[in-house]
Amino acid sequence: MHHESKPTPIEPAKAVDDPLKEAENGYTLGPMQAGPACCDPQPMIQVENFSLHYGVKAALANVTLDIYRGCITALIGPSGCGKTSFLSSINRLTDLIPGCKVSGRICIDGSDIHDPARDVQTLRRQIGMVFQKPTPFPLSIYRNIELPLHEHGVKCRADTAAVIEQVLRDVGLWDEVHDRLHSSALSLSGGQQQRLCIARALALNPRILLMDEPCSALDPIASGIVEDLISRLRGRYTIVIVTHNLAQARRIANYAAFFWVRGQAGRLVEFGHCRQIFESPAHELTAAYVNGARG
Amino acid sequence: MTEMGSTKSVRSHRDCFAQLAIYCAALLVCAAFAWILSDIARGGMAHLSLDFIIDSPREAGRAGGIGPILISSALVLAIALIAALPLGWTTAAVLAEYVSADSAFGGAIRYSLQVLAAVPSIVFGLFGNAFFSIYLGMGFSILSGGLTLACMLLPILVSTAESGLRAIPDAYRLSAAALGMSRTSTLFRLLLPIAAPSLAAGLLLGIGRAIAETAALLFTSGYVDRTPGSLLDSGRTLAVHIFDLSMNVPGGDAAAYASALVLITALLLINMIAMRLAAGWRRRKIMSQNSNGYSDTDAPRV
C-alpha cells in the first residue's frame with residue numbers, strides 16, 4: 001500500500017510560464033502532477049467497508065476498493081445501485097442530504113475524509129465534480145469560473161484571467177467563446193455548457209475529478225467531444241466516472257467497478273482492470289450485465 | 001328525437017348564459033376600474049399643476065399644494081423600507097436556505113407571517129400607536145409611522161423573496177458546494193443575485209402597499225401638514241391627506257381629487273415596473289430550466 005507522506009500542495013493552476021503551453025494539440029493542461037502511468041498503480045482513494053444509509057434505507061453496503069492515481073475508474077451497474085451515492089460520498093456532497101449517514105472509511109492519500117478536523121471546503125476544492133446535467137450558473141461564462149476562484153482566494157485580476165483562459169483552452173472551449181466571455185453561460189449549447197462545467201472544476205486545480213454520467217445528457221457529437229476531453233485528462237487527474245454507457249466505459253476507463261443491488265443495498269460485485277471486467281468477468285452477474293443479459 | 005333536441009337546446013342555452021355571465025363579470029371589473037380612474041382624472045386634472053406639487057397646503061389644504069406631504073410620504077416610505085428590507089430578506093434567506101421546508105421553526109415563522117399579512121391595517125395603526133408612539137415614546141412621528149409600515153411590509157417582502165430563492169434549482173446549490181463554496185458565499189454571491197428580480201418585484205409591491213396606506217398612519221405619523229424638521233416630527237402622508245381633505249375639510253374635494261391623481265399615477269407607475277420585473281424574472285427562470293433540461297432550444301452552437 002502506497003502512502004504519500006504529504007498530499008500534493010494545491011495551488012491555483014498557472015498558465016503563464018507553463019513549459020507545456022505549446023504541447024500536443026495546443027492544450028495547456030499543465031504539468032503532470034497526478035502520478036505515474038496506470039501500469040504502476042498507486043492507490044489514491046482507499047475505500048474500506050464503506051456503507052451509506054438514507055434514513056433507514058441502505059443505499060450502499062460494505063464497499064471496499066482502491067482507486068488508482070492518475071487512472072480513469074468507471075463505476076458501472078444498473079440504476080439505483082448506489083453508484084452516484086458512492087461518487088458523492090468521495091467529496092462528502094452526501095453531507096448535504098438530510099438523514100444521510102455513512103460508516104466505514106474513505107481515505108485520500110492516507111487521510112480519512114470524515115476526520116472531524118478535515119475542512120470540507122478544502123476537500124471539495126481538491127475534488128472536482130461534474131454532474132449529469134450541465135449546471136453552469138446563470139451568470140456570464142467568465143463569472144462562472146471566476147466565482148469559485150474568488151472563493152478560494154485567487155483575487156488578482158491577471159491571475160484569474162490567466163487561469164480562466166488556460167482552463168477554457170484545456171477543455172477546447174477557448175476558441176469557441178473567447179469573444180463572448182461576458183455573455184450568459186446559458187446561451188451555450190449543452191455540450192459547451194458541460195465543458196464549461198469541467199473547466200470550472202479544473203480551475204481549482206483539483207487532484208481528483210468525479211463525473212456523474214457527464215455525457216448522458218448530451219447529443220452524440222457533443223458526447224464524443226466530452227469523452228475525448230476526459231481521455232485527455234487521464235494521467236493528470238484521478239478520474240472516477242459513473243456511466244451507463246458500457247461502450248464508453250470500455251473506451252476510456254482503465255479500471256471498472258461493477259455495482260449491483262443485493263439485499264436491498266448497492267454492493268460492489270467486482271472490481272478490476274477494465275479489460276478484465278469486460279472480457280473475462282469473474283462474477284456471473286458482471287458477465288450477464290456487460291453482455292447485456294441483465295440490468 | 002324531440003326530447004333530445006330539447007335537452008340539446010337547454011344545454012346550449014345554459015352554455016350561452018354562463019358565457020354571458022363570465023364576460024359580464026370581467027367587464028364589470030374593468031368598468032369599475034375605468035370609472036374610478038376617469039372620475040379621479042376628471043376631478044383632479046383641473047387642480048393639478050407644478051405649483052400644486054411644490055407648494056405647501058393652505059387653508060387646511062383647500063388651497064396651495066402638497067409639497068410637504070410628498071416629502072413626509074417619501075420619508076415614511078424610506079423609514080419603512082430601511083427597517084423592513086434587511087429584516088424581511090434575511091428572514092426569507094433563513095426560510096429558503098437554512099430551514100428545511102417542513103420544520104417546526106420554519107412553519108412557525110411562515111404561520112406568523114400569514115397572520116401578519118391578514119391583520120387589518122387599522123389594527124397595525126393601533127399597535128403602532130401603543131408600541132412605537134406611546135411605549136417607546138416616539139410620539140406622533142415619521143419614525144413611528146415608518147416602523148409601523150415596516151411591520152406591514154414584512155409578509156410581502158418575505159414571501160416574494162422566499163419564493164424567488166426557492167425557484168432556484170437545487171443543482172446550483174450542489175454545484176456550488178462541489179466547488180467548495182461556503183453556504184454564506186453561495187447565498188450572497190450566487191443565489192441572491194439570481195433571485196434579484198424577484199427581490200425587486202417584492203420591493204415594488206411593498207412600496208405600492210406602503211404609499212397607499214392610511215389607517216396605519218393616522219395614529220402613528222399623524223396629521224401635521226408642515227414639512228417635517230426631523231424624523232421625530234409628525235408628518236402627513238399623501239393617503240392621509242386625501243382622507244383628511246375628503247372627510248374633514250368642507251370644500252377640499254378638488255385638492256383631494258388632485259392628490260388622489262398624484263397617488264394613483266405613482267401607484268400605476270410602480271405597478272408597471274413591478275409587473276415588468278416579474279415577467280423578466282419568469283423568463284429567466286424558464287431559461288435556466290431549459291438549460292438544465294439540456295435542450296438546445298435557442299440555436300445549437302456546437
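The questions and replies below go through a predicted model with chains A and B, taking the contact between chains, some helix pairs and a few single residues in turn.

Me: Which helix of chain B gives the most to the largest nonpolar core?
Reply: The largest nonpolar core has 157 residues, and those that touch the most other members are A:Ala199, A:Ala256, B:Ala80 and B:Leu153. The helix of chain B that gives the most to this core supplies 14 residues, and that helix is H6, residues 142–166.

Me: With which residues is A:Ala256 in contact, leaving aside its neighbours within four places in sequence?
Reply: A:Ala256 is among the four residues that touch the most other members of the largest nonpolar core. Once its neighbours within four places in sequence are left aside, the residues in contact with A:Ala256 are A:Ala74, A:Ile76, A:Ala249, A:Gly272, A:Cys274 and A:Ile277.

Me: Which helix gives the largest share of the side of chain B that touches chain A?
Reply: Where the chains meet, 26 residues of chain B are in contact with 32 residues of chain A. On the side of chain B that touches chain A, at least two residues each come from helix H7 (170–178), helix H8 (183–211) and helix H11 (253–292). The largest share of that side is six residues, and it comes from H7(B).

Me: How many nonpolar residues are on the side of chain B that touches chain A?
Reply: There are 26 residues of chain B in contact with chain A. Sorted by class, this side of chain B has five charged residues, eight polar ones and, in answer to the question, 13 nonpolar.

Me: Against which elements do the buried residues of H7(B) pack?
Reply: The residues B:Ser175, B:Ala176, B:Ala177 and B:Ala178 are buried in H7(B), and just after this helix B:Gly180 takes a positive phi of about 75°. The buried residues of H7(B) have partners in both chains, namely H8 of chain B together with helix H2 (120–126) and strand E6 (127–130) of chain A.

Me: Why is H3(A) described as oblique to H4(A)?
Reply: Helix H3 (residues 141–151) and helix H4 (residues 157–170) of chain A have axes 10 Å apart and pack at an angle of about 120°. Angles from 65 to 115 degrees would count as roughly perpendicular and those over 145 as roughly antiparallel. The angle of about 120° falls in neither range, and therefore H3(A) is oblique to H4(A).

Me: What is the handedness of the crossing of H3(B) and H6(B)?
Reply: Helix H3 (residues 67–98) of chain B and H6(B) have axes that come within 6 Å and cross at roughly 35°. Their contact divides into 24 nonpolar, five polar and three charged residues. The crossing of these two helices is right-handed.

Me: Is A:Gly266 buried or exposed?
Reply: A:Gly266 is found in strand E10 of chain A, and, not counting residues up to four places away in sequence, it touches A:Ala59, A:Leu60, A:Cys81, A:Gly82, A:Phe259 and A:Val261. A residue counts as buried when 20 or more other C-beta atoms lie within 10 Å of its own. Because A:Gly266 has 26 C-beta neighbours inside 10 Å, it counts as buried.

Me: How far apart are the C-alpha atoms of A:His273 and A:Ala257?
Reply: A:His273 is found in strand E10 (residues 265–273) of chain A, and it counts as partly exposed because it has 16 C-beta neighbours inside 10 Å. A:His273 and A:Ala257 are 16 residues apart along the chain, and their C-alpha atoms are separated by 8.7 Å.

Definitions and conventions: Residues numbered from 1 in each chain as written. Chains lettered and ligands numbered in written order. Predicted model: local features only at pLDDT ≥ 70, side-chain atom pairs only at ≥ 80, totals over all residues. Core = buried A, V, L, I, M, F, W, Y, C linked by C-beta atoms within 7 Å. Buried ≥ 20, exposed ≤ 12 C-beta atoms within 10 Å, placed from the backbone. Helix = DSSP H or I, 4+ residues; strand = E, 2+ residues; numbered from the N terminus. Contact = placed C-beta atoms within 7 Å. Nonpolar A, V, L, I, M, F, W, Y, C, P; charged D, E, K, R; others polar. Axes fitted to C-alpha atoms, helices over the stretch in contact; angles between N-to-C directions. Parallel < 35°, antiparallel > 145°, perpendicular 65-115°, else oblique. Left-handed = near helix turned anticlockwise from the far one by under 90°.
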